[in-house]
Amino acid sequence: MVPSAKNGPSRQAIEPVDDFLRSVAPALDRGGLPARVFNDTNIHALELDRVFARNWVFVGHETEIPSPGDFALRHIGEDQFILVRDDSGTLRVLLNNCSHRGSPVCRAERGNTTHFRCPYHSWVYKNSGEWSGAPLKKRAYQTLDAKQWGLQAAPRVETVHGLIFASLNPDVPNLNDYLGGMRWYLDAIFGLNEAGMTVIGEPQRWKVRANWKSAAENFMADAYHVPALHRSGQDVGVFPEIDSAGGAGTSRHLYFDEGHGMILNRGFLPAPMWHKTGFPAEVATTFQLDRLKPDQRDFVESHALTAGTIYPNLGLVRVPASPHPGALPVVFTYLRMWQPCGPDTIINWNWTLGWKTASEKFNEDAYIAALAMHGPGGIFEQDDSVVWTGAPQAGKSAFARKRRMNFNYQLGTEGMSEYEIDSTWKWPGHATTTVMGEAPQRAFYRRWLQDVTTP
Ligand code: FES
Ligand SMILES: [Fe+2]
């Protein structure tokens, strides 16, 4: 049989996955990562089982489903779930497969309902997932134990600043412990006032031929690519001083042993927009910075740009950009989830967030700026979508596997660049002195390797 183009060369020609994974740690120690990790069906299967079904995964924002009965379809790994607020107001994450024969019970992307009725034989479930009834019940299921036949529910659901995470692992550490030091920064990004943030519109979704890890490592730390790949952002006037965003002088990395990471920038907004928090006065005055610890307040008032990844697949970005060429930049905030669809494809999910206390005009400008940069046709997004296709192509290449092709993660290793841990950093996490390095990416892949190699 001719091997399919999608799955790559015949399995017999490839080193067994366990042996291969044992070779990844020494490669990482040398600043390398084998191309194969970016396109391999066996490794992908391990990721679904040991990364996505084991950790906390972002599924949505509370403001998407504010009322009892509100629901939206979401994914954890490649499984589809119904994110729903049940009649009692409790958040549930329910596998969208009927307990009878597995048919999806919910076909609408979002809506409001008291019950889900399966189209196949019409079993009915409450919006809490409990089994509620079936046709001809008295004749067909006289002794059925309803408690056993509800929809399968994610055993753990927790929220932080309105962000909803679910885990399929009943023994996962609580969300705060899982986030580690990252929680401190989430307070400083999302907790600027009690009202908090709200999603603007529905999330955009689009498919990209990429491996999810390329996106995750990019958002958490790849400042190096910004002035190179995204130079057109400056050329057309929507992203001023792109060299500064790329790390010329004011940027640093921040990373955590849990696998999360961020790029921080001390701010490069033009003077009229610079109001400590990076927001215009009409928004900044609605912030209640006394809710924060003094150190967090220091951080908020000194760092406008943040981009990052919460392991495994949630990106967050808070950066300034102009909603229209020539207009003053506005700081927009968005969440990005990389839904894996096989080893070489992702669906990007984008939620732009606005401040509940901000004017409609500010939130609309922020939304337009976010879409113009990172929407499906965004000026940044189009660049990234093209270059990320390369890793899965190399990953399935018979030639690259034979040559044991490694990608280069040596930036910032001994003697390569001016890049070291900043021993004066007084806030949580490991901070670096510049962004001319790849310590967060190496930490991310160490965490990933630990997951995929632990049964
Ligand atoms: S498969 Fe759902 S009722 Fe039969
Ligand atoms: Fe990019």
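Q: What is the site of the iron ion (ligand 2), judged by the angles among its four donor atoms?
A: In this predicted model, the angles among the four donor atoms run from 54 to 152 degrees. Four donors count as tetrahedral if all angles lie between 85 and 135 degrees. The site of the iron ion (ligand 2) is classed as irregular.

Q: Which residues coordinate the iron ion (ligand 2)?
A: The coordinating atoms lie at 2.1 to 2.4 Å from the iron ion (ligand 2). Along the chain the donors follow the spacing H-x4-H-x153-D. The two histidines each give NE2, and the aspartate is listed with OD twice. The residues are H225, H230 and D384.

Q: How many residues apart in sequence are the parts that H225 and D384 tie together?
A: H225 lies in the loop between helix 7 (212–221) and helix 8 (226–229). D384 belongs to helix 14 (residues 379–387). The pair therefore ties together parts whose distance in sequence is 159 residues.

Q: Is D384 buried or exposed?
A: A residue counts as buried under 20% relative accessible area. H225, another donor of the iron ion (ligand 2), has 14% and counts as buried. D384 has a relative accessible area of 2%, so D384 is buried.

Q: How many disulfides does the structure hold?
A: A disulfide is a covalent bond between the sulfur atoms of two cysteines. C106 is in no disulfide, and the nearest cysteine sulfur, in C118, is 11 Å away. For C341 the closest cysteine sulfur is that of C106, at 18 Å, which is too far for a bond. The number of disulfides is zero.

Q: What is the relative accessible area of C341?
A: C106 counts as buried, at 6% relative accessibility. C341 is partly exposed, a class that runs between the 20% and 50% limits. The relative accessible area of C341 is 23%.

Q: Which residues in helix 12 are buried?
A: Helix 12 spans residues 294–302. The cover over its buried residues includes helix 6 (182–190), strand 15 (261–265) and strand 16 (305–310). The buried residues are Q296, F299, V300 and S302.

Q: What is the radius of gyration of the protein?
A: The protein has 17 helices and 21 strands, and its C-alpha trace spans about 75 × 60 × 40 Å along the principal axes. A compact globule of 455 residues would have a radius of gyration near 23 Å. The value for the protein agrees with this, at 23 Å.

Q: What percentage of the contacts with a separation of 6 or more is between residues 24 or more positions apart?
A: Buried residues make up 56% of the 455 residues. Among contacts with a separation of 6 or more, the share from residues 24 or more positions apart is 65%.

Q: Which residues does a cis peptide bond join?
A: Most peptide bonds are trans. Here one has an omega of about 5 degrees, and it is cis. Its proline lies in the loop between strand 16 and strand 17 (314–321). The bond joins Y311 and P312.

Q: Where does L136, with its phi near 55 degrees, lie?
A: Most residues other than glycine have a negative phi. The phi of L136 is positive, and L136 is exposed, with a relative accessible area of 57%. L136 lies in the loop between strand 9 (131–133) and helix 4 (137–140).

Q: What is the phi of R404?
A: R404 lies in the loop between helix 16 (398–402) and strand 20 (406–408). At 46% relative accessibility, R404 is partly exposed. Its phi is positive, near 50 degrees.

Technical notes
Residues numbered from 1 in each chain as written. Chains lettered and ligands numbered in written order. Predicted model: local features only at pLDDT ≥ 70, side-chain atom pairs only at ≥ 80, totals over all residues. Heavy atoms only, no water. Donors = N, O, S within 2.8 Å, 3.2 Å for Na, K, Ca; no water. Tetrahedral: all angles 85-135°; square planar, octahedral: opposite > 155°, others 65-115°. Helix = DSSP H or I, 4+ residues; strand = E, 2+ residues; numbered from the N terminus. Buried < 20%, exposed > 50% of the residue type's maximum accessible area, 1.4 Å probe, protein only. Disulfide = S-S within 2.5 Å. Contact = heavy atoms within 4.5 Å. Rg over C-alpha atoms; globule rule 2.2 N^0.38 Å.
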